[in-house]
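This briefing concerns a ligand site and a set of salt bridges. Please consult the sequence and the structure alongside the text.

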Amino acid sequence: MHYEKITTEILEKLKAIVGPKNVVTDADAMQPYSHDEVTDPAYHHMPEAVVFAETAQQVSAIIKLANACHFPVVPRGAGTGLACGAVPEYGGLVLSLEKMNKILEINENGLYAVVEPGVRTSDLQEAAEKKGLFYAGDPCSGDSCFIGGNIATNAGGNRAVKYGTTRHQVYSVEVVNPTGRIVNLGARLQKQSTGYSLDQLVIGSEGTLGIITKATLKLLPKPKYALDLLAIFDDRRQAMGVVTKIIKAGITPTCVEFMDNITIKSVEKYLNENLQGSDNGNYVIVEVEGTSEDDLDDKAVVLDEVCTENGASSVLVADHNKIWQARKAFAEAVRAESLIVCKEDVVVPVDQEAALLDEILRLAQKYNLVTRIASHAGDGNIHLNILKNEDATYEDWDQRVKANQQELYKFIYAHGGRLSGEHGIGYKRKHLMEEFTDPGELEMMKAIKKALDPNDILNPGKIFDVE
Ligand SMILES: Cc1cc2nc3c(=O)[nH]c(=O)nc-3n(C[C@H](O)[C@H](O)[C@H](O)COP(=O)(O)OP(=O)(O)OC[C@H]3O[C@@H](n4cnc5c(N)ncnc54)[C@H](O)[C@@H]3O)c2cc1C
């Protein structure tokens with residue numbers, strides 16, 4: 001892949017577009033933009049410049065300049081990604097959207113919000129809540145990631161079981177396309193059959209097909225009643241297997257989350273707190289919403305029965321803040337244990353999840369892997385963290401991780417699964433994407449990229465390389 005370097009002349013043109021204060025070339029100041037939340041330095045790359053855009057018109061002018069001078073542009077939100085999607089693998093420009101951070105409208109009658117891409121997800125949740133409303137998108141990184149990043153990765157999170165992923169929260173997006181044109185995709189409608197769903201194509205495209213500069217998002221009335229139950233299982237497989245039973249019992253939970261015992265112990269150590277059942281228990285956290293206290297009680301009774309019948313040693317009403325603090329501390333707890341971690345984000349149909357867990361455990365034993373497992377179990381998405389063994393060299397560990405991936409992904413694809421449930425492909429998984437994706441499907445994806453971005457300047461080398 002050959003690109004032109006960002007010359008002094010180009011820097012002057014960039015300064016003319018966004019103002020000198022919004023163009024950064026100092027190495028120390030650019031360092032945070034050389035990586036996302038993937039802590040392994042093997043995946044870090046320095047940009048040649050970082051530019052902060054404040055308007056869609058500026059984004060458009062930058063993209064037109066990139067096409068004219070042929071340098072890559074990597075859009076970046078908060079940099080909380082876990083696939084190196086915002087990392088400038090081929091150098092060039094990191095284009096930060098962090099200054100486009102206004103909530104432009106919360107419309108109580110129409111139940112929607114209009115936001116810029118740099119709005120923090122939790123800020124939108126809070127702003128909606130102040131008006132008695134509710135934004136359903138809820139990634140565990142919500143207090144740091146941005147809406148633009150959520151849309152670009154089709155972020156999932158805790159409430160996807162009931163409310164779907166980020167793409168289900170979006171009415172429409174304003175996008176700067178790869179040739180620099182500002183276009184509006186989608187509409188604030190409940191239905192439409194009006195040509196291709198280009199909004200849905202851009203959502204989840206990881207910044208390769210367009211830069212999101214504004215979004216109109218769905219809001220809902222805030223649920224009045226909610227309850228968190230913690231079911232503790234001695235047996236990991238029984239814990240994972242309970243998900244389908246809950247759904248078959250006619251309950252639509254908001255979330256069903258799983259943490260295995262060793263992960264609970266890791267979180268316990270990180271938080272310096274005693275967690276219930278941590279001796280040998282595995283957690284299933286179930287959140288349900290109801291129309292009244294009685295409705296919630298009825299659901300709690302059913303959930304208690306289902307979990308107990310399926311092997312739970314206890315089922316407790318959990319303290320909402322405490323239990324979610326423990327679940328959300330998973331990533332930090334792992335990071336405190338090791339900075340060298342391979343984070344798998346695999347997804348299978350929910351009824352295959354217990355079998356996948358078995359396979360993960362079998363392979364971990366076979367390849368002597370140190371694992372920590374938490375999962376959005378309600379939607380089949382398992383986060384398998386593989387920590388470097390303290391006594392292993394990087395090369396030895398990396399070889400075992402790669403051998404594990406080969407077997408794991410064969411299993412996953414044979415069981416109807418995919419590489420990533422919510423974190424995306426970025427450039428970290430693109431070799432696996434190339435290997436495991438149906439060749440016809442991959443060819444269509446590449447044809448779309450080539451047609452929309454003929455100069456391959458927008459986030460090149462992410463998801464796949466265009467030959
Ligand atoms: C502790 C922790 C917990 C997490 N939990 C979850 C979770 O529960 N669910 C989940 O899905 N993810 C989770 N993540 C991953 C991450 O937070 C999400 O992928 C998030 O959506 C990334 O948002 P961001 O603003 O940080 O984007 P970035 O990391 O900056 O970018 C991610 C990708 O989006 C592109 N991009 C960013 N902004 C734009 C834009 N405006 N236009 C076009 N492209 C853009 C980038 O080029 C890149 O490809 C977690 C991460 C951490 C560290």
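The points below treat the ligand surroundings and then the salt bridges.

This is a predicted model, in which local features need pLDDT of at least 70, side-chain atom pairs count only at pLDDT 80 or more, and totals for chains, interfaces and linings use all residues. Residues are numbered from 1 along each chain as its sequence is written, and side-chain values use heavy atoms, with hydrogens and water left out.

**Ligand surroundings**

- The ligand is surrounded by 36 residues, of which P75, G77, T80, G81 and S141 come nearest; a residue is near a molecule if one of its heavy atoms lies within 4 Å of it.
- Polar backbone atoms of P75 and G77 lie 2.6 Å and 2.8 Å, respectively, from an oxygen atom of the ligand.
- A backbone N or O atom of G156 is 2.9 Å from a ligand oxygen atom.
- The protein covers 96% of the 970 Å² of accessible area that the ligand has on its own (Shrake-Rupley method, 1.4 Å probe).
- Two or more residues of the shell come from each of β3 (73-76), α5 (147-153) and β10 (211-218), these elements being DSSP runs (helices H or I, at least four residues; strands E, at least two) numbered from the N terminus.
- Helix α5 supplies the largest share of the shell, five residues.
- The shell comprises 15 nonpolar, 17 polar and four charged residues; Ala, Val, Leu, Ile, Met, Phe, Trp, Tyr, Cys and Pro count as nonpolar, Asp, Glu, Lys and Arg as charged, and the others, Gly among them, as polar.
- Domain 1 (8-96) and domain 2 (103-221) each contribute at least three residues to the shell.

**Salt bridges**

- The model contains 28 salt bridges, each defined as a side-chain nitrogen of Lys or Arg within 4 Å of a carboxyl oxygen of Asp or Glu.
- D138 and R159 form a salt bridge with the closest N and O atoms 3.8 Å apart.
- This pair links distant parts of the chain, 21 residues apart: D138 is in the loop between β7 (133-134) and α5, and R159 is in the loop between α5 and α6 (160-163).
- D138 is buried at 9% relative accessible area, and R159 is buried at 17% (buried means under 20%, exposed over 50%, partly exposed in between; 1.4 Å probe, protein chains only).
- D260 and R236 meet in a salt bridge at 3.1 Å, N to O.
- D260 is buried at 0% relative accessible area, whereas R236 is partly exposed at 30%.
- A network of salt bridges links E359, R362, K366 and E407.

How values were computed
Polar contact = N/O pair within 3.5 Å; in protein donor to acceptor, adjacent residues only side chain to side chain. Domains from an automatic or database assignment.
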